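Trainee: I have a structure open here and would like to go through it with you, a piece at a time. Could you help me make sense of it?

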Amino acid sequence: MKIVDVCALRVNTFLYVRVLTDEGLSGLGECGAWGYLDAAAEAVATFRDYLIGKDPLEIEHHWQYMYRAFHFRGAVIMGAISAIDIALWDIAGKFYGKPVYKLINGGCRDKIRTYFHVAGETTEELIACCVTAKEKNFTAIGHLNPFLDGLRTERYRLNYVQMIEQGIDRVRQIREAVGYEIDMCLELHRRLKPAEAIVFAHKLEQFTPMFIEDPIIPDNFDDMALVASHINIPIATGERIHTIQEYSMLFNRNAMSAAQNFCDNENNRRPIMAGRTHQNTVMTCICCCDNPQWCLNLFRRRRCLESVRRCGS
């Protein structure tokens, strides 16, 4: 069996990759670099030249070539590799007549805890959304932004004390509205500097959040470790990094308590990631913004998985 074509498919705000073979089997994968889909499609076209004529079942070999043959990394390249990798696993599942999780290391669990994705441009909207989650019998609410979800094009005009105190008061109101039967997963959207994050987290402790996500820009692992070492709330991070090596640097610094993995942005979904999080006693949170089907395979095989978020409908 040989690969005869690799096609990038733009569908609304998504980018899929279809790999075709000479035996009629095809595989479908998805790119997680949703902010740069056109660029990712061009990266897929570059990898196409290598893949034509190759055996689609030599998945690890193809991954190693695409990852190591060029000089650059980043979201666009890794998203393209991920989409191709998923498509090749799709072909393998069809070829062997097995679901992908059976081919990798078998099933581990049949159900998974999810949280309700909340949002609001005003405090009232945000509280109402959280109450709706409770009424729907969710046991956790996530993407909960204490600073509200304003437009990115609008300038943030609050000063330091207003930002901190209004954010804390908003969390207080939400906790009072939903009670202590629901876990709160706070999304800080990289809003704060390290010193600000430490102050904010200390004030948050009284409301017992499950974790705070990306309190600072995640590029500097030493800064994230600094914050983690000075607060008593778990930190969730990882959805904006791309390799196992980057995760290792966070693990080695004790900079995260919850490893966030985008399902379709390599290297986050590769099997070794589950073992590394389990080995480091770190909770895994799968970010399912795109393809729910690929996530189902992940859920069945990750023994360390604690929670998942489903973004959008």
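Trainee: Is histidine 189 buried or exposed, or something in between?

Mentor: Keeping in mind that this is a predicted model, histidine 189 counts as partly exposed, because its relative accessibility is 24% and the class of buried residues is limited to those under 20%.

Trainee: Where does histidine 189 sit in the chain?

Mentor: Histidine 189 belongs to the loop that runs between strand S6, residues 183-187, and H7. Its backbone deserves a look as well, since histidine 189 has a positive phi of about 55° although it is not a glycine.

Trainee: What about aspartate 214, what is its phi?

Mentor: Aspartate 214 also is not a glycine, and its phi is positive at about 40°. You will find aspartate 214 in the loop between strand S7 (211-213) and helix H8 (221-230).

Trainee: And is aspartate 214 buried or exposed?

Mentor: Aspartate 214 is buried, because its relative accessible area is 0% and the cut-off for buried is anything under 20%.

Trainee: Which side chain does aspartate 214 meet in a salt bridge?

Mentor: The partner is arginine 240, with an N to O distance of 3.6 Å between the two side chains. Arginine 240 lies in the loop between strand S8 (235-237) and helix H9 (244-252), whereas aspartate 214 is in the loop between S7 and H8, so the salt bridge ties together parts that are 26 residues apart in sequence. On the arginine side the surroundings are more open to the probe, in that arginine 240 is partly exposed with a relative accessible area of 34%, while aspartate 214 is buried at 0%.

Trainee: How many salt bridges does the structure hold?

Mentor: The structure holds eleven salt bridges. One of them joins the side chains of lysine 203 and glutamate 165, at 3.2 Å from N to O. Lysine 203 is part of helix H7 and glutamate 165 part of helix H6, so this pair ties together parts that are 38 residues apart in sequence.

Trainee: How exposed are lysine 203 and glutamate 165?

Mentor: Lysine 203 is partly exposed, with a relative accessible area of 33%, and glutamate 165 counts as partly exposed too, at 35% relative accessibility.

Trainee: Which residue forms a salt bridge with aspartate 222?

Mentor: That is arginine 253, and the closest N and O atoms of the pair are 2.7 Å apart. The two residues link distant parts of the chain, with aspartate 222 in helix H8 and arginine 253 in the loop between H9 and strand S9 (258-262), 31 residues apart. For accessibility, aspartate 222 is partly exposed with a relative accessible area of 47%, and arginine 253 is partly exposed with 32%.

Trainee: Which residues are linked in a network of salt bridges?

Mentor: Asp169, Arg172 and Glu176 are linked in such a network.

Trainee: Changing topic, what is the volume of the second largest pocket?

Mentor: The second largest pocket has a volume of about 490 Å³. It is lined by 15 residues, and those closest to the centre of the pocket are Leu148, Asp149, Gly150, Leu151 and Arg191.

Trainee: How does that lining divide into nonpolar, polar and charged residues?

Mentor: The lining of the second largest pocket has four nonpolar residues, four polar ones and seven charged ones.

Trainee: Can we stay with leucine 151 for a moment: where is its place in the chain?

Mentor: Leucine 151 is in the loop between strand S5 (140-144) and helix H6 (160-178). Leucine 151 is exposed, with a relative accessible area of 51%, and from C-alpha to C-alpha it is 8.7 Å away from glutamate 121, although the two are 30 residues apart in sequence.

Trainee: Last topic, which residues make the nonpolar surface patch of about 250 Å²?

Mentor: That patch is made by Tyr160, Val161 and Val199. Valine 199 is found in helix H7, residues 194-204, and counts as partly exposed at 32% relative accessibility.

Conventions: Residues numbered from 1 in each chain as written. Predicted model: local features only at pLDDT ≥ 70, side-chain atom pairs only at ≥ 80, totals over all residues. Heavy atoms only, no water. 1 Å grid on protein atoms, 1.4 Å probe; cavity = no way out; pocket = protein on both sides within 12 Å on 5 of 7 lines; lining within 4 Å. Points joined across faces, edges and corners; volume = space filled by probe spheres on them. Nonpolar A, V, L, I, M, F, W, Y, C, P; charged D, E, K, R; others polar. Patch = residues over 30% accessible without salt bridge, like charges linked within 9 Å, V, L, I, M, F, W, Y side chains within 5 Å. Areas by Shrake-Rupley, 256 points an atom, 1.4 Å probe, with all protein chains shown as cover. Salt bridge = Lys/Arg side-chain N within 4 Å of Asp/Glu carboxyl O. Helix = DSSP H or I, 4+ residues; strand = E, 2+ residues; numbered from the N terminus. Buried < 20%, exposed > 50% of the residue type's maximum accessible area, 1.4 Å probe, protein only.
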